[in-house]
Amino acid sequence: GTASGTGQEEESDVEEAGYSEKYYLVEALLCAGASIDEALLEEGTREFGQQDICVSLVRDVSAAGSWKLYKLSPHLQILRLRSLVARGRAIARPDAPPGVAKLINPDLCNEIVWECLSYWR
């Protein structure tokens with residue numbers, strides 16, 4: 001996954017690869033604010049064959065700055081795109097999902113957008 005991903009792609013990758021237990025343990029530690037050393041993580045996950053996805057998660061959270069910012073990344077992307085559309089610097093693609101197209105519509109009031117985004121996790 002990437003820092004700009006929704007996390008949904010990572011979850012499906014995790015489930016397909018059978019990494020759920022170790023991955024979710026690392027995720028829970030990061031969520032609780034643990035500082036995880038990449039080298040130690042690589043060593044600890046190597047024997048389970050899960051180091052790529054776990055290390056990727058740690059790097060993405062680190063790149064975002066915190067667990068909270070990592071989880072808010074998709075919300076912030078929508079808000080940035082909405083701002084660009086409002087200033088005429090971007091337009092919604094014809095193949096954009098209808099929900100996203102509605103959220104980035106500058107005619108929609110900010111309070112409604114924030115309420116919609118509050119349900120998206």
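## Nonpolar cores

The largest nonpolar core of this predicted model has twelve residues: Tyr 23, Val 26, Leu 30, Leu 41, Ile 53, Cys 54, Val 55, Leu 57, Val 58, Val 61, Trp 67 and Tyr 70. Two or more of these residues come from each of helix H2 (20-31), helix H4 (51-64) and helix H5 (67-86). H4 is the main contributor, with six residues. Another core lies apart from this one and has seven residues, including Ile 78, Ala 90, Leu 103 and Val 113.

A nonpolar core here is a set of buried Ala, Val, Leu, Ile, Met, Phe, Trp, Tyr and Cys residues joined through side-chain atoms within 4.5 Å. Buried means under 20% relative accessible area, with a 1.4 Å probe and protein chains only.

## Packing of H5 and H7

The axes of H5 and helix H7 (residues 110-118), lines fitted to C-alpha atoms over the stretch in contact, come within 11 Å and cross at roughly 155°. H5 is therefore roughly antiparallel to H7 (angle over 145 degrees). The crossing is right-handed, the near helix being turned clockwise from the far one by less than a right angle.

In this contact (heavy atoms within 4.5 Å), H5 supplies His 75, Ile 78, Leu 79 and Arg 82, and H7 supplies Asn 110, Val 113, Trp 114 and Leu 117. By class, five of the contact residues are nonpolar, two polar and one charged.

## Overall make-up

The protein has seven helices and zero strands, taken as DSSP runs (H or I, at least four residues; E, at least two). Of its 121 residues, 26% are buried.

## Basis

Residues are numbered from 1 along each chain as its sequence is written. Local features need pLDDT of at least 70 and side-chain atom pairs pLDDT 80 or more, while totals for chains, interfaces and linings use all residues, and side-chain values use heavy atoms, without hydrogens and water.

Definitions and conventions. Buried < 20%, exposed > 50% of the residue type's maximum accessible area, 1.4 Å probe, protein only. Axes fitted to C-alpha atoms, helices over the stretch in contact; angles between N-to-C directions. Parallel < 35°, antiparallel > 145°, perpendicular 65-115°, else oblique. Nonpolar A, V, L, I, M, F, W, Y, C, P; charged D, E, K, R; others polar.
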